[in-house]
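Student: I have a chain to go through with you. I want each label tied to its cut-off.
Tutor: Then let us start from the display.

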Amino acid sequence: MFKHLTVVFLVFVGFNKVNSNETLRSITASFLKVLEECRHELNIGDNVLADMYYFWKLDRTLMHRDTGCAIVCMSKKLNLLDTSGKLHHGNAEEFALRHGAANDMAKELVTTVHECEQKHEMEEDQCLRALEIAKCFRGAMHEINWAPKVDVVITEILTEV
Ligand SMILES: *[C@@H]1O[C@H](CO)[C@@H](O)[C@H](O)[C@H]1NC(C)=O
């Protein structure tokens, strides 16, 4: 009986895990698609591109202010921000659902970004704030094993050229 439950539990967790990192891979891909536009608009250098390509690598410090500006630009293009520059919860939830998230996951993603926003609301500079929020979000996703693998993300970039 217990053995049986354990198997069901493991299958469920395993399935859930794959789903979640696939959703974040797909969300990352959508961000990278608009990155090209933002790159031209903001006249962004290669260091920012590398920051975005290797975004999910935890030991990458993400220090360039320009990377934060790019994140703001991409979020705007994807309609994820409200007029005050904060996450638009309704749009963000829909965005997550469109990328294959289950309801619970979509809510969890929005909550996580919201908490990260609150943690860094003292930062006045919009670009630096976005950078801190992004790092906070990345850390949280790694903690619950939802982060996509960097090599999977990179392979996708390389094969889409
Ligand atoms: C998601 O996780 C599974 C299991 O660890 C792995 O096989 C798969 O490559 C991951 N997918 C992505 C997009 O990271």
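**Helix packing and burial**

Tutor: α3 and α6 are roughly perpendicular to each other. This is a predicted model, where local features need pLDDT of at least 70, side-chain atom pairs count only at pLDDT 80 or more, and totals for chains, interfaces and linings use all residues. Residues are numbered from 1 along each chain as its sequence is written, and side-chain values use heavy atoms, without hydrogens and water.

Student: Why are α3 and α6 called roughly perpendicular?

Tutor: Their axes cross at roughly 85° and come within 7 Å. Axes are lines fitted to C-alpha atoms, for helices over the stretch in contact, and angles run from 0 to 180 degrees between N-to-C directions. Under 35 degrees counts as roughly parallel, over 145 as roughly antiparallel, 65 to 115 as roughly perpendicular, and the rest as oblique. So α3 and α6 are roughly perpendicular.

Student: Which residues of α3 and α6 make the contact?

Tutor: Contact means heavy atoms within 4.5 Å. From α3 come Arg65, Thr67, Gly68, Cys69, Ile71 and Val72; from α6 come Gln126, Cys127, Leu128, Ala130, Leu131 and Ala134. By class, that contact has 8 nonpolar, 3 polar and 1 charged residues. Ala, Val, Leu, Ile, Met, Phe, Trp, Tyr, Cys and Pro count as nonpolar, Asp, Glu, Lys and Arg as charged, and the others, Gly among them, as polar.

Student: What makes α4 oblique to α5?

Tutor: Helix α4 (residues 89-98) and helix α5 (residues 103-119) pack at about 135°, with axes 9 Å apart. That angle falls in none of the named ranges, so α4 is oblique to α5. In α4, His89, Ala92, Glu93, Ala96 and Leu97 meet Asn103, Ala106, Lys107, Leu109, Val110 and His114 of α5. The classes here are 6 nonpolar, 3 polar and 2 charged residues.

Student: How do you know that these elements are helices?

Tutor: Helices (H or I, at least four residues) and strands (E, at least two) are DSSP runs, numbered from the N terminus. The chain has 7 helices and 0 strands.

Student: Why does Thr28 count as buried?

Tutor: Buried means under 20% relative accessible area, exposed over 50%, and partly exposed in between (1.4 Å probe, protein chains only). Thr28 has 10% relative accessibility, so Thr28 is buried. Thr28 sits in helix α1 (residues 2-42). Beyond neighbours within four places in sequence, Thr28 is in contact with Trp56, Pro148 and Val153. A polar atom of the Thr28 side chain lies 2.6 Å from the backbone oxygen of Leu24.

Student: And Ser75, buried or exposed?

Tutor: Its relative accessible area is 9%, so Ser75 is buried. Ser75 belongs to helix α3 (residues 65-77). Not counting residues up to four places away in sequence, Ser75 touches Phe31, Leu80 and Leu81. Over the whole chain of 161 residues, 40% count as buried.

Student: What makes Glu41 exposed?

Tutor: Its relative accessible area is 52%, so Glu41 is exposed. Glu41 is in α1. Outside residues up to four places away in sequence, Glu41 touches Cys73 and Lys77.

Student: How do you know that Glu41 makes a polar contact with Lys77?

Tutor: A polar contact is a pair of N or O atoms within 3.5 Å; within protein, one must be able to donate a hydrogen and the other to accept it, and residues adjacent in sequence count only if both atoms are side-chain atoms. The side chains of Glu41 and Lys77 make such a contact at 2.7 Å.
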